[in-house]
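Let us walk through this protein together, from its ligand site out to its domains. Please have the sequence and the model open beside you.

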Amino acid sequence: MSTPLYARYPFLEAARQAVGELGVDIETLIAEGAPAVDRGRERVERALLAGRVDAEEPAEWRDEDELLSYPIARILVSLLDSGAAIDKYAAAEAKTAVQRLEKDFEAGDDGLKSTTSARLDRETVLEELDLSTAIRPETSHPSREPEWFRVGVGSYLRLASGDRGDSWRLVNREVVDGDVRVERGELFALLRTAIRRRIAAGLPFEGLTEGEGIVEPLEADLAELRRLLSERTVVGKIDFVNRALFPPCIENLLQKAEDGIELQEFESFTLMAFLTGIGMEADEIIEFCENSSLDPEGIRYQTEYLKDDRGTQYPPPSCETLSAYGICHNEDDHWKTAGHPLAYYQARLEASDDDLVDWRERQSQLSE
Ligand code: SF4
């Protein structure tokens, strides 16, 4: 295996050893503010904001920076001192890893399995996760990934736990000789859980003290990440959709998308976080944004990550952050009314004398 592969899958045990073999000292990297530190902060920031950890500008980083950014991201997320941040970070790392695995396995389907050292094959990842005996392909073909797999019942129950829906319940599965049959797509869902647990294991690191040692040079990065995290404070439960009362920042984003303009990642995150924050489900948002540049798959992907494993809703960024990103223009000076788009919307709902109708109610009347 090689550095490019470890850079893509830094949670592998061999990647950890490779970091040691690079002969670089993490403490020195941090003290010198090396590129890996910036990429480590980006990793955590993207995990918190977008539910993924791949670089926004991959060409900016060397494989070595990418690999070394992983232990630095783990230090940063430990210092945030938040179980929710760790859950979110581990889920984002796992999500990105599985997206890469899907591509690598597909390449294996084309018979390209061993043409690049940056690609990970199924056998290696199962071995790494101690699942090589528990998960086996139902059939084997030299150059094509099988469609069905058998998973030992014990491993299945461990990995399929949680709120996955009825189709995952053992009573609804085909069990053959003590194994549960799963489709290829379901296999990736199970691998995602296994990788997420692997990444969360050992976090947070103990013995890191604020203002001392390696923590001191990270203070500015930490302050920024804490600010993003603090914006998770939920404004109050809103379950009402009325576009006429949306704050200008959100209305502008909607109009931009409806004009067919591709939203930047932070913009679509803000919009999705607002719409889920006012009580909309993914299907409703898809319908609401039907005539826009937003695609249903992207909407589902983002809304899925706007709830953490504990079901906490991830709200949109504050007015201050939206202003820093150029999304807020503080129209009519209404920043004075509320520091948060959800708070602003809530205040407008409460102040409205009109007989307001929920957009969802109108839609269901139209479909009757
Ligand atoms: S002040 Fe806040 S709610 Fe108003 S447009 Fe700016 S970000 Fe949106």
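The report below covers the ligand, the hollow spaces, the two domains and two backbone details.

This is a predicted model, in which local features need pLDDT of at least 70, side-chain atom pairs count only at pLDDT 80 or more, and totals for chains, interfaces and linings use all residues. Residues are numbered from 1 along each chain as its sequence is written, and side-chain values use heavy atoms, with hydrogens and water left out.

**The ligand site**

Start with the shell around the ligand, where a residue is near if one of its heavy atoms lies within 4 Å. The shell includes Pro247, Pro248, Cys249, Cys319, Cys328 and His334, and Glu331 and Trp335 are also among its members. Helix 11 (248-258) and helix 15 (319-324) each supply at least two shell residues; helices here are DSSP runs (H or I, at least four residues), numbered from the N terminus. By class, the shell divides into eight nonpolar, two polar and one charged. In this scheme Ala, Val, Leu, Ile, Met, Phe, Trp, Tyr, Cys and Pro count as nonpolar, Asp, Glu, Lys and Arg as charged, and the others, Gly among them, as polar.

**Hollow spaces**

Which space does the ligand take? The ligand takes the space of the largest cavity, judged by more than half of its atoms lying within 2 Å of the grid points. On a 1 Å grid over the protein atoms alone, a cavity is a set of points where a 1.4 Å probe fits but cannot get out, while a pocket is an open set with protein on both sides within 12 Å along at least five of seven lines; lining residues have an atom within 4 Å of a point. Grid points are joined across faces, edges and corners, and a volume is the space filled by probe spheres set on the points.

The structure holds three cavities of 30 Å³ or more. Helix 11 and helix 16 (341-351) each supply at least two residues of the lining of the largest cavity.

| Space | Volume | Lining by class |
|---|---|---|
| Largest cavity | about 80 Å³ | eight nonpolar, four polar, one charged |
| Second largest pocket | about 590 Å³ | five nonpolar, five polar, nine charged |

Helix 14 (296-304) is one of the elements that give two or more residues to the lining of the second largest pocket, and helix 14 gives the most, with seven residues.

**Two domains**

The domain assignment gives domain 1 (3-200) and domain 2 (234-367), with bounds from an automatic or database assignment. Their centres, taken over C-alpha atoms, are 31 Å apart. In contact (heavy atoms within 4.5 Å) are 17 residues of domain 1 and 13 residues of domain 2. Both domains give residues to the lining of the second largest pocket, so this pocket lies between them.

**Backbone details**

Most residues other than glycine have a negative phi, and most peptide bonds are trans. Asp81, which is not a glycine, has a positive phi of about 55 degrees, and Asp81 sits in the loop between helix 5 (63-79) and helix 6 (83-109). The peptide bond from Leu203 to Pro204 is cis, with omega near -5 degrees. Pro204 is found in the loop between helix 9 (184-200) and helix 10 (219-230).
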